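Biologist: I would like a close look at one part of this model, with enough of the whole around it to make sense of that part. Here is what we are both looking at.

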Amino acid sequence: QVQLVESGGGLVQPGGSLRLSCAASGSIFSIYSMGWYRQAPGKQRELVATITSTGNTNVVDSVKGRFTISNDNAKNMVYLQMNSLKPEDTAVYYCNLEQYGLRGRYSYWGQGTQVTVSS
């Protein structure tokens, strides 16, 4: 199994910054990508940003220019630097890992970390 542990969430004022971290451990063989999704109350989970093991990134338009995703392949970690936070960024942020297995690509999720942007 794969375990994902997120950290770095919290309460921040509008315009502030937070850095989320996610550490992956367990049965990790061939990572395709790691990334972040978020789910606000009453809404569906949505993509925030992903990064492949080769460094290709995909960032949702609503956070472009404010959020930066990065990774450390040697440590199996992914980070999300969030700047200029807005109240609409409030959500539970989930770490995701996709890796190749015998029968295709498998997806794993962390437990989530709460980010609240409020004055």
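Biologist: To start with the surface, how much area does the protein expose, and what percentage of it do carbon and sulfur atoms supply? After that, please take me closely through the disulfide between Cys22 and Cys95, and then through anything else along the chain that deserves a look.

Modeller: Happy to, with one reminder: this is a predicted model. The protein exposes about 6,500 Å², and carbon and sulfur atoms supply 47% of that area. As for the interior, 41% of the 119 residues count as buried. The charged side chains comprise 10 positive and 7 negative ones, and the centres of these two sets lie 2 Å apart.

The fold is quick to describe: there are eleven strands and zero helices, so to speak β from start to finish, with the pattern β-β-β-β-β-β-β-β-β-β-β along the sequence. For 119 residues, a compact globule would have a radius of gyration near 14 Å, and the protein agrees because its own value is 14 Å. The C-alpha trace spans about 50 × 25 × 20 Å along the principal axes. Among contacts with a separation of 6 or more, 54% join residues that are 24 or more positions apart.

Now to your disulfide. A disulfide is a covalent bond between the sulfur atoms of two cysteines. The count for this protein comes to one, and that one is formed by Cys22 and Cys95, with sulfur atoms 2.0 Å apart. Cys22 belongs to strand E3 (residues 18-26) and Cys95 to strand E9 (residues 91-101), so the bond ties together parts of the chain that are 73 residues apart in sequence. The torsion about the S-S bond is about -85 degrees, so the disulfide is left-handed. Both ends are covered: Cys22 counts as buried because its relative accessibility is 0%, under the 20% cut-off, and Cys95 is likewise buried, with a relative accessible area of 0%.

Another buried residue makes a good companion to that pair. Ile69 lies in strand E7 (residues 67-72), and its relative accessible area of 8% is why Ile69 is called buried. Setting aside neighbours within four places in sequence, the contacts of Ile69 include Met34, Gly35 and Trp36, then Ala49, Thr50 and Ile51, and also Val78, Tyr79 and Leu80. Thr57 is in contact with Ile69 as well. For a distance to check in your viewer, try the C-alpha atoms of Ile69 and Gly55: these residues are 14 apart along the chain, and the atoms are separated by 9.8 Å.

Finally, two backbone details in the loops. Most residues other than glycine have a negative phi. Asn76, in the loop between E7 and strand E8 (77-82), has a positive phi of about 55 degrees although it is not a glycine. Ser84 also has a positive phi, near 50 degrees, and its place is in the loop between E8 and E9. As for accessibility, Asn76 counts as partly exposed because its value is 21%, and Ser84 is partly exposed too, with a relative accessible area of 41%.

How values were computed: Residues numbered from 1 in each chain as written. Predicted model: local features only at pLDDT ≥ 70, side-chain atom pairs only at ≥ 80, totals over all residues. Heavy atoms only, no water. Helix = DSSP H or I, 4+ residues; strand = E, 2+ residues; numbered from the N terminus. Rg over C-alpha atoms; globule rule 2.2 N^0.38 Å. Buried < 20%, exposed > 50% of the residue type's maximum accessible area, 1.4 Å probe, protein only. Contact = heavy atoms within 4.5 Å. Areas by Shrake-Rupley, 256 points an atom, 1.4 Å probe, with all protein chains shown as cover. Lys, Arg positive; Asp, Glu negative; His and termini not counted. Charge placed at Lys NZ, Arg CZ, Asp CG, Glu CD. Disulfide = S-S within 2.5 Å.
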